[in-house]
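I set out to look through one model and to write down what I looked up. The entries follow the order in which I worked.

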Number of protein chains: 2
Amino acid sequence: VVSVSADHIPIIHFRISSFLISRVGEDWIFLILLGLVMALVSWVMDFCIALCLQAQKWMYGGLDSNVVLQYLAWVTYPVVLISFSAGFTHIVAPQAAGSGIPEMKTILRGVVLKEYLTLKTFVAKVIGLTCALGSGMPLGKEGPFVHIASLCAALLSKFMSLFGGIYEMLAAACAVGVGCCFAAPIGGVLFSIEVTSTFFAVRNYWRGFFAATFSAFIFRVLAVWNRDEETITALFKTRFRLDFPFDLQELPAFAVIGIASGFGGALFVYLNRLIVQFIRKQKAINKFLMKKRLLYPALVTLLISTLTFPPGFGQFMAGQLTQKESLVTLLDNRTWAKQGIAEEFEYIGHAAAWKHPQANVFITLVIFIVMKFWMSALATTIPVPCGAFMPVFVIGAAFGRLVGESMAAWFPEGIHSDGVVYSIVPGGYAVVGAAALSGAVTHTVSTAVIVFELTGQISHILPIMIAVILANAVAQSLQPSIYDSIIRIKKLPYLPELGWGHHEKYNIRVEDIMVRDVRYITLNCTYRDLHDVLLTERLKTLALVESSESMILLGSIERAQLQALLSQQLGRPRRLEYLRQRAQNERKQVSIVSTPSSEEGNHKANHEVRFQVSSGGEIPPYSHIPVLFSLPYFFHSLGLSLSLSLSLTHCLSPSFIFFSISFFSHSCSSPHLFFLPFSLSLSLQIAEWEELQLDEQVNFNNCKIDPAPFQLVERTSLHKTHTIFSLLGLDHAYVTSIGRLIGVLRKAIEGSVTVKGVKVRPPLASFRDSGTSSSDAEVTELHKLWNRHTNLTLPQDHQPSDSDEKSQ
Amino acid sequence: VVSVSADHIPIIHFRISSFLISRVGEDWIFLILLGLVMALVSWVMDFCIALCLQAQKWMYGGLDSNVVLQYLAWVTYPVVLISFSAGFTHIVAPQAAGSGIPEMKTILRGVVLKEYLTLKTFVAKVIGLTCALGSGMPLGKEGPFVHIASLCAALLSKFMSLFGGIYEMLAAACAVGVGCCFAAPIGGVLFSIEVTSTFFAVRNYWRGFFAATFSAFIFRVLAVWNRDEETITALFKTRFRLDFPFDLQELPAFAVIGIASGFGGALFVYLNRLIVQFIRKQKAINKFLMKKRLLYPALVTLLISTLTFPPGFGQFMAGQLTQKESLVTLLDNRTWAKQGIAEEFEYIGHAAAWKHPQANVFITLVIFIVMKFWMSALATTIPVPCGAFMPVFVIGAAFGRLVGESMAAWFPEGIHSDGVVYSIVPGGYAVVGAAALSGAVTHTVSTAVIVFELTGQISHILPIMIAVILANAVAQSLQPSIYDSIIRIKKLPYLPELGWGHHEKYNIRVEDIMVRDVRYITLNCTYRDLHDVLLTERLKTLALVESSESMILLGSIERAQLQALLSQQLGRPRRLEYLRQRAQNERKQVSIVSTPSSEEGNHKANHEVRFQVSSGGEIPPYSHIPVLFSLPYFFHSLGLSLSLSLSLTHCLSPSFIFFSISFFSHSCSSPHLFFLPFSLSLSLQIAEWEELQLDEQVNFNNCKIDPAPFQLVERTSLHKTHTIFSLLGLDHAYVTSIGRLIGVLRKAIEGSVTVKGVKVRPPLASFRDSGTSSSDAEVTELHKLWNRHTNLTLPQDHQPSDSDEKSQ
């Protein structure tokens with residue numbers, strides 16, 4: 001009998017009811033505000049987009065006397081809008097370009113992409129998206145809306161004190177984004193979970209539901225108030241018959257749609273990536289396009305709008321219809337092709353666009369699908385705020401309609417055998433196709449729910465679920481999702497997913513993959529050890545052990561902290577202090593050296609004061625620390641003086657070299673070679689002093705140590721390690737055995753970050769932050785080092801013979 | 001610029017595509033099998049339930065000449081079925097009683113309730129549930145189905161090698177349970193996530209969707225093949241008009257339904273708990289009911305069936321309708337009460353039951369709601385397999401219908417003002433009410449999705465979402481969910497939830513709640529220290545530090561391991577060895593003592609061999625370790641001999657007392673007081689030996705140490721600590737500062753486990769298990785100790801004067 005007793009042990013017990021009443025408010029006010037603002041943004045944007053599209057139609061219609069004028073109007077209008085959108089986005093906030101879901105995925109998984117959540121980006125995204133969609137290009141609204149909602153949440157949170165932190169709110173915001181875009185609160189919540197999360201806290205679910213529902217509600221109420229709708233209904237309401245939505249024997253056709261959509265989805269992702277890579281690889285094109293930033297968007301728009309020109313090729317692909325109109329016609333519950341004779345159907349309203357005197361509806365649909373497929377893949381590469389969901393959704397609907405029409409032509413009396421004629425509903429196939437293709441491209445199953453909410457009918461639930469699952473199974477085995485693909489293209493940092501079904505990973509243990517040769521520092525190490533470790537190791541954090549014998553892990557220290565320690569020990573104040581003391585001792589030598597030294601000292605001091613102010617005083621401003629990656633740049637800028645100083649001082653301590661070069665780099669604006677004898681004698685003295693300093697034992701008192709780094713055991717499986725890493729947002733973990741450090745495991749984040757101001761920070765697992773993070777200051781510090789060119793790496797085994805020759 | 005580089009560091013990189021093809025199979029075969037089996041079980045069960053209900057109706061109908069006979073038939077039938085169900089469940093597997101969701105929630109949060117996932121329980125649950133539902137009582141199928149699906153998954157997994165472990169499959173199984181019960185795959189997945197998970201791995205989502213969809217599909221296809229349905233449609237299909245489902249101005253009425261349902265849901269949970277507690281508290285009733293286990297179910301059934309007897313009181317509450325029939329009529333799209341005159345509506349089929357010559361439909365509905373409310377709360381306390389979801393769903397639908405009918409009576413021409421008359425649809429209100437009340441009782445929002453899938457219509461999405469959210473907000477602030485309530489009633493172990501909106505918790509740090517007075521053992525401690533710690537501390541694990549000075553945390557050791565260490569040191573083999581050696585030295589003393597000692601030794605040796613076999617040889621079989629909680633039992637069984645030996649040996653070492661009593665307890669079957677002088681002299685010798693043994697330093701070589709216990713920092717917030725604890729299923733964490741142990745935090749699991757064979761084990765966070773767990777063996781071991789009465793606690797400060805007096 002195991003008795004789990006709750007007595008006499010400290011309690012993490014949360015009195016729910018008592019807190020609930022007191023301070024619930026702010027959170028819910030935040031969510032309501034977020035929902036309200038996003039609903040308004042969505043509605044106003046839709047209104048503006050509709051105006052833009054109407055204007056184009058009006059122009060096109062007004063000029064029907066002259067085809068050339070008509071063509072010019074048809075083409076110029078979107079080119080201008082897209083160019084404006086691209087230009088505006090580029091000038092105001094380049095981060096606003098693209099979908100935004102990949103970035104949100106990255107942000108929610110632990111990387112803070114700073115510039116992505118600013119007011120500028122918000123403005124650029126909203127205006128850019130409105131223009132882009134107003135142009136009539138095959139672009140979507142959903143992805144950008146996830147980004148806009150997140151931006152909105154980030155901006156709102158600045159004005160409100162949120163208890164849960166921004167992370168929880170961003171997760172809710174993603175749901176709001178989808179929710180108010182499609183008036184699909186449930187689908188929005190699920191889609192945002194699937195797309196952005198690895199692990200999902202169920203308590204956030206509620207938040208997302210609340211905000212998304214409120215937002216969708218307001219969004220639809222606005223439509224009612226504006227007299228667009230009589231009451232709150234679905235965006236693309238279908239009217240399929242309820243009593244017999246489909247026959248059991250139609251299921252194979254639905255399965256075929258699912259499987260074909262899976263292949264189609266993978267092809268779309270592949271095509272999209274191929275276009276981006278092609279444009280990048282062709283250096284001649286690339287250079288030209290880079291110079292004229294607006295040329296690529298304009299060219300793509302010109303091509304697409306030319307092909308859709310209704311009196312031209314557009315007549316074979318319902319080119320005159322907007323995306324929304326196409327979708328409405330595709331989801332129509334009437335059959336276009338009865339008994340194979342397309343003419344029998346009375347094409348009313350927009351549906352007439354699908355009718356062509358020479359080509360029947362099947363040809364029109366096939367052309368539409370093929371053309372829109374590559375057009376959408378191409379259009380989503382334009383650097384404007386745009387998503388791929390809606391174009392793919394429409395293509396899927398067209399494909400479904402094609403299959404449905406074929407089925408209707410094949411079984412004109414329906415399949416059902418029991419006397420009653422239940423004719424086939426091609427609109428139902430269109431719904432299935434839309435859900436399947438968009439599910440395949442985004443690798444989600446919640447598109448099924450979005451489809452129910454968009455159409456307001458759930459009667460086809462089982463065909464849709466089956467098709468979506470099949471499409472996902474096929475697409476996931478062939479290609480990454482469109483968002484993961486963009487993440488790789490943009491080289492955003494991320495931890496690769498663990499797919500399902502990987503048996504091998506359960507047999508791999510931490511001990512098989514850990515690095516046993518861990519770099520560590522001991523509690524009683526000297527500054528020289530510190531220096532050596534910093535030179536040979538480029539890791540962000542280093543393990544602190546008690547001693548090399550015991551190897552007991554005490555904590556981990558950030559590189560920046562160690563650099564600070566070292567620079568404090570060897571820094572200017574202490575050096576100047578030493579020189580001053582020395583000068584007092586040896587008066588006559590001072591008269592020679594003092595002039596340049598003090599001058600330079602003053603010069604530097606000014607700099608340093610400025611930097612101290614900018615860095616907020618957190619990090620000691622004297623960080624003349626070797627930084628490996630600055631080497632090439634450094635060589636380039638220093639040229640001769642570097643090789644000279646290297647040759648002169650090679651026999652001396654590494655930090656002396658560092659010092660002397662730091663000295664030269666400051667004086668290399670004019671030829672200062674005459675300084676050499678002075679600086680040499682001075683340097684020799686300082687070198688001695690530094691040697692002594694380096695042999696001192698490190699004082700860790702003022703150093704920020706992470707006192708409890710994450711530890712794993714050798715036998716932990718790879719699967720569980722991955723779970724822990726992604727759950728807690730770890731980037732490294734030490735492998736210990738009874739307190740002893742025996743290995744280290746670091747997360748291999750795929751892709752590298754080269755954007756300025758990007759910093760890696762675990763979101764869920766900030767649980768181990770013991771206060772404010774110093775990474776901010778660290779970044780600033782590194783920038784400073786860069787700018788001042790005082791960085792240096794010491795190539796200890798690099799060309800020794802060469803430099804030796806020169807020094808002798 | 002921070003450069004995150006992926007070079008030169010070990011890689012947790014999972015080649016998805018290469019693995020995907022190789023071994024995907026088993027998992028999906030498992031899910032398909034699970035879905036198939038559950039669909040069959042669900043369908044067969046539904047078929048049997050329908051047969052049972054038909055049989056009752058047939059009996060009732062056949063006896064309409066005599067009301068008394070009719071009454072007897074009406075009442076006896078359910079009493080017999082429920083009694084059989086209760087008896088069968090009690091005999092075969094008492095764990096099968098009740099919903100099963102609370103248990104699954106507990107299991108999925110880290111406690112393995114062993115008996116809950118066996119074949120016996122499966123059989124008991126399936127047969128018991130069929131009988132219980134066949135009786136026509138207001139009981140539900142959903143909760144038990146979650147349990148049955150989990151049982152099915154657990155049993156299936158025995159025959160298949162699953163890579164992901166049972167945990168992932170149980171999560172999917174819960175979704176399958178709901179999915180095939182209501183043919184609601186999406187709602188099933190969401191409901192199971194909301195009900196059972198705290199944190200949800202999105203990669204499991206896919207699994208649940210797949211299995212639930214497949215299961216729902218087969219479940220509905222079976223109905224088509226059986227000619228119950230023409231094609232695959234929803235279970236409770238509604239036919240509300242699509243073009244204008246509701247007016248914007250009806251929303252306040254929907255909100256009222258939501259808020260009232262919130263209060264109603266809380267009241268239901270409260271009432272349910274009250275009944276259980278009332279029955280328990282009334283000792284006289286309780287004793288009587290305990291003796292006659294079938295009496296309580298029979299009495300409750302008698303009461304409920306008497307009240308629903310159609311010619312009796314049942315005529316005022318549509319008593320003749322089964323649960324399913326009630327629901328179908330309540331969701332009817334026609335209005336019952338036009339212009340307040342109920343008679344205008346033509347009651348066709350089952351709907352006629354709602355019509356009463358004397359009472360109008362409003363009165364019938366009110367009586368139905370009130371009566372069913374307490375009946376359902378009462379019926380769900382019967383110890384048969386049963387859920388509360390469906391009864392609550394029906395009550396909610398009735399309440400919604402009541403509000404809808406009132407609205408229809410109030411606005412006979414509808415609310416819409418623009419000329420067209422859109423009359424109010426009370427059926428829509430019924431749908432809203434059903435979702436809201438079931439959402440309030442279960443604290444979920446996914447009931448909304450279940451409702452869409454059950455009715456096959458999504459047109460009322462916004463009213464339903466609003467009502468469900470409001471109902472949840474009200475209910476969550478008043479009462480726990482029905483499942484949490486049952487968890488508390490049953491005293492299942494669980495970690496309380498962190499609700500939303502608890503600001504205070506973000507300001508509480510680990511240092512504020514941790515226990516600073518940590519019990520630890522040092523690497524160089526003696527067995528005496530070990531002994532003392534084991535006596536004064538009842539924790540399951542103890543910290544191992546390097547030394548009291550350094551306090552460097554090296555790991556943690558389970559109590560059982562320490563007990564094994566101690567018993568090895570002081571155990572019988574070493575003691576006998578010592579005695580043998582001693583005997584060789586002092587020949588003459590041996591002749592007196594040897595006979596009983598060797599006899600007893602042989603006797604014991606036999607026992608020990610047997611135990612060694614049963615324990616699988618993992619744990620050393622000599623564990624004469626003091627176990628605190630066995631004290632009272634021990635006193636009781638030993639009586640005089642205990643107090644005597646205590647008085648005799650109080651001046652000696654604790655373990656000596658232990659030994660002497662262990663000695664007596666074995667010989668206390670007959671009066672062995674004459675042994676006293678011998679055993680005293682022997683004991684004194686052994687005491688000396690033990691004293692020496694206890695002063696030896698502990699050898700930790702063969703001891704299983706957890707080499708990396710979870711560590712927190714002082715500044716970690718309570719919120720994050722809770723997240724980590726529930727995420728990783730921790731039950732304790734050490735608080736360290738630079739490797740030094742400064743405190744400990746233990747999870748206060750509410751509720752205690754008194755069920756046999758229950759053991760606490762983290763599921764998600766088994767990541768830190770370094771091999772097979774020893775807890776199994778540990779439990780066995782403790783049982784053995786218990787049975788042999790060799791356990792003893794030493795009350796060191798307990799009545800010293802008293803025993804001193806006797807010993808002198």
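The entries below go from chain A as a whole to cores, helices, a sheet and single residues.

**Entry 1. Chain A as a whole**

I note at the outset that the model is predicted. For chain A I looked up the secondary structure and found 31 helices and 10 strands. Of the 808 residues in chain A, 63% are buried. The exposed area of chain A is about 31200 Å², and 60% of this is supplied by carbon and sulfur atoms. I then turned to contacts in chain A between residues at least 6 apart in sequence: 77% of these join residues at least 24 apart.

**Entry 2. Nonpolar cores**

Which residues have the most contacts inside the largest nonpolar core? I found Ile186(A) and Ile186(B), in a core of 326 residues. I followed Ile186(B) and left out residues up to four places away in sequence. Its contacts in chain A are Leu190(A), Val449(A), Phe452(A), Ile461(A) and Met465(A). In chain B, Ile186(B) touches Phe209(B), Val449(B) and Glu453(B). I also recorded a second, separate core of 40 residues, which includes Leu554(A), Leu565(A), Leu570(A) and Tyr527(B).

**Entry 3. Two helices of chain A**

I checked helix α9(A), residues 202–225, against the expected rise. At 1.5 Å a residue its 24 residues should span 34 Å, and the end C-alpha atoms are 35 Å apart, which agrees. Because 22 of the 24 residues of α9(A) are buried, the helix is largely enclosed by the rest of the structure. Arg227(A) follows α9(A) and has a positive phi, near 65°.

I made the same check on helix α15(A), residues 389–410. From first C-alpha to last, its 22 residues reach 31 Å, close to the 32 Å expected at 1.5 Å a residue. Here 18 of the 22 residues are buried, so α15(A) too is largely enclosed by the rest of the structure.

**Entry 4. A sheet in chain B**

I traced an open sheet of 4 strands in chain B, in the order β3-β4-β5-β6 and with mixed pairing. Which strands are at the edges? They are β3(B), residues 520–522, and β6(B), residues 705–706, each of which pairs on one side only.

I next looked up the sense of two pairings. β3(B) and β4(B) run parallel over 3 bridges, and Ile521(B) stands opposite Leu544(B) in β4(B). β5(B), residues 553–558, pairs with β6(B) in the antiparallel sense over 2 bridges. In that part of the sheet, Ile557(B) stands opposite Ile705(B) in β6(B).

Is β4(B) mostly covered or mostly open? I found it mostly covered, with 5 of its 5 residues buried. In a regular strand, side chains alternate between the two faces of the sheet. In β4(B), Thr541(B), Ala543(B) and Val545(B) point one way, while Leu542(B) and Leu544(B) point the other way, and all are buried. Helix α23(B), residues 559–570, lies across β3, β4 and β5 of chain B and runs at about 80° to β5(B).

**Entry 5. Two buried polar residues**

I looked up Ser85(B), which lies in helix α3(B), residues 67–92. Its relative accessibility is 0%, so Ser85(B) counts as buried. Leaving out residues up to four places away in sequence, Ser85(B) touches Gly128(B), Cys131(B), Ala132(B), Val384(B) and Pro385(B).

Gln693(B) is in helix α29(B), residues 676–694. With a relative accessible area of 7%, Gln693(B) is buried. On the same terms of sequence distance, its contacts are Tyr527(B), Gln569(B), Leu570(B) and Arg574(B). I also took a long distance from here: Gln693(B) and Tyr422(B) are 271 residues apart in sequence and 92 Å apart in space, C-alpha to C-alpha.

**Entry 6. Positive phi at two alanines**

Most residues other than glycine have a negative phi. I therefore noted Ala183(B), whose phi is positive and near 50°. Ala183(B) sits in the loop between α7 (165–182) and α8 (185–196) of chain B. Its relative accessible area is 12%, so Ala183(B) is buried.

Ala318(B) also has a positive phi, of about 50°. Its place is the loop between α12 (295–308) and α13 (323–330) of chain B. At 3% relative accessibility, Ala318(B) counts as buried.

Conventions. Residues are numbered from 1 along each chain as its sequence is written. Chains are lettered from A and ligands numbered from 1 in the order in which they are written. This is a predicted model: local features need pLDDT of at least 70, side-chain atom pairs count only at pLDDT 80 or more; totals for chains, interfaces and linings use all residues. Side-chain values use heavy atoms; hydrogens and water are left out. A nonpolar core is a set of buried Ala, Val, Leu, Ile, Met, Phe, Trp, Tyr and Cys residues joined through side-chain atoms within 4.5 Å. Buried means under 20% relative accessible area, exposed over 50%, partly exposed in between (1.4 Å probe, protein chains only). Contact means heavy atoms within 4.5 Å. The expected span of a helix is 1.5 Å times one less than its number of residues. Two strands pair if DSSP finds at least two bridges between them. Axes are lines fitted to C-alpha atoms, for helices over the stretch in contact, and angles run from 0 to 180 degrees between N-to-C directions. Accessible areas come from the Shrake-Rupley method with a 1.4 Å probe; for residues, only the protein chains shown count as cover.
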